[in-house]
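Biologist: Could you take one part of this model and go through it closely, so that a first-year student can follow each step?

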Amino acid sequence: MSKNNDLINAYAAKRPLSTNWFKRARAVLGGGVGHDLRHFEPMPLYIERGVGGRKWDVDGNEYIDFLGGNGALLLGHAPPEIVAAITETVGRGTHFGNDHPLHIEWAELVQQLIPSAERVRFVNSGTEATLLAIRLARAFTGRNKVLRFEGHFHGWHDDVVHGFHPPFDADGSLGVPPHVRDQMVAIPDGDLDLVEDVLSREDDIAAAILEPSGASWGRVPLDPAFLRGLRELTTRHKVPLIFDEVVTGFRFSPGGAQQLYGVVPDLSSLAKIIAGGMPGGAVVGKAKILSLFDITGDGHHDRHKRVVHFGTFNASPLSAAAGIALLRRVATGEPIEQANAVAQQLHAAWNLVLERQGIAGYVYGPSSTLHVYFETDEDRVRNASTRDDLHTTDASRLKGMPAELILEYQRQLRYRGVDIMSSTGGVVSAAHTKLDVEQTTAVFEQTVTALIDQRLVLTMR
Ligand SMILES: Cc1ncc(COP(=O)(O)O)c(C=O)c1O
């Protein structure tokens with residue numbers, strides 16, 4: 001029996017209740033899980049509770065958690081002030097379908113924190129936020145096409161579902177009519193000449209959208225100079241610039257990546273941290289663009305000259321209560337500093353592990369993100385004198401590590417009690433501790449040793 005099968009059996013043996021839940025899940029859930037990234041071999045995690053930087057599954061296995069609610073939990077699990085805010089609110093009713101004071105307070109905090117937020121409109125997820133931002137930009141310009149960048153993720157609606165996973169020219173999903181794809185112009189990021197070329201050639205571009213961190217919350221690093229150049233080019237060509245700050249908003253700085261890098265877009269999509277661990281998102285941006293939502297009483301205008309937006313649960317009281325409590329903490333700057341500091345410790349400790357083991361790879365990531373790149377191209381490893389020579393900004397490489405390597409890496413980490421977000425990476429919260437760093441680093445070392453044993457990674461020697 002291979003080492004890999006040994007691990008799978010040992011993993012399952014520690015999860016008898018999870019095994020049973022998985023059996024039930026397969027009989028009832030489409031695809032067996034509620035989100036593609038939750039799929040896992042031999043079974044998904046079934047989590048019962050979380051506190052701070054840790055969570056426990058139904059079998060009592062403990063995990064140091066760098067999934068953090070898919071990046072939504074800047075303060076970790078069940079922070080007392082968020083629990084108190086939700087508890088205090090829930091007794092007055094969970095949902096009215098009317099506006100309410102917490103909605104306005106929540107919007108005011110977003111407006112104060114995010115530089116581009118002259119106006120705010122809440123939605124329920126990041127996917128809804130990018131969908132609505134693109135609709136606003138199309139309505140504002142009267143144009144149709146959207147310039148996007150290969151590897152950047154903007155949720156799962158039809159317009160954006162292609163182009164984030166290599167090979168970037170292949171369809172991202174079945175079920176999307178070809179004419180939808182024709183409306184997207186996808187190019188590699190980082191090349192301002194290419195952007196200039198597209199914007200000069202195409203006269204039907206309604207918006208340019210990107211993750212200001214670089215694709216997948218910094219997995220593919222992006223020079224902030226590109227953001228400044230893109231701002232300049234889009235302004236010159238009168239193309240609204242959309243920052244997708246679903247991950248970076250309230251994480252990279254209280255005002256998101258736009259504040260950190262000093263580049264203000266026309267529109268931004270926000271979600272995750274904004275709602276304090278509850279469902280929520282927002283489109284924010286220029287007042288003159290968001291005025292497309294205005295209802296004026298003029299029948300012709302209101303029927304024909306507006307952007308329509310409904311949504312039963314938009315700005316629900318519980319999301320607003322949690323969001324307000326969270327954003328008040330974010331405004332102090334303290335949780336972001338704390339999470340960044342822990343991430344830096346992890347980067348340093350994990351890079352030392354790779355150095356010690358001679359592994360062809362490196363650990364990196366902006367702000368409180370954590371990414372690991374394992375170089376599996378033998379030519380690149382042979383030609384590299386040091387691990388620094390392996391650094392790359394090639395999205396196909398950084399997002400194209402072999403699937404069996406990723407799966408085994410995640411399984412080794414989980415088996416030893418560490419959960420991450422996607423691929424090799426995760427996000428750090430303000431609740432993670434020095435002990436979490438030490439224990440996680442020990443687990444990382446055991447994980448990469450197993451990967452060497454299984455010849456899934458290359459060494460420099
Ligand atoms: C940058 C970015 N945009 C949009 C989304 C979609 O957000 P949601 O999962 O809330 O629909 C995500 C989700 O991870 C994201 O990372």
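Modeller: Let us take helix H19, where Lys434, Leu435, Glu438 and Asp453 are exposed, on the other side from the buried residues of H19. A residue is called exposed if 12 or fewer other C-beta atoms lie within 10 Å of its own, buried if there are 20 or more, and partly exposed in between, with the C-beta atoms placed from the backbone. This is a predicted model, in which local features need pLDDT of at least 70 and side-chain atom pairs count only at pLDDT 80 or more, whereas totals for chains, interfaces and linings use all residues. Residues are numbered from 1 along each chain as its sequence is written.

The buried residues of H19 are Asp436, Val437, Thr440, Phe444, Thr447, Val448, Ala450 and Leu451. They lie on the same side of H19 because they cover an arc of only 150° around the axis, the arc being that of the directions from the helix axis to the C-beta atoms. Among what covers these buried residues are strand S3 (62-65), helix H15 (334-357), helix H18 (403-415) and strand S13 (418-419), and two residues are in contact if their C-beta atoms, placed from the backbone, lie within 7 Å.

Helices (H or I, at least four residues) and strands (E, at least two) are DSSP runs, numbered from the N terminus. H19 has 20 residues, 434-453, which at 1.5 Å a residue should span 28 Å, and this agrees with the 29 Å between its end C-alpha atoms; the expected span is 1.5 Å times one less than the number of residues. Just after H19, Arg455 takes a positive phi of about 55°.
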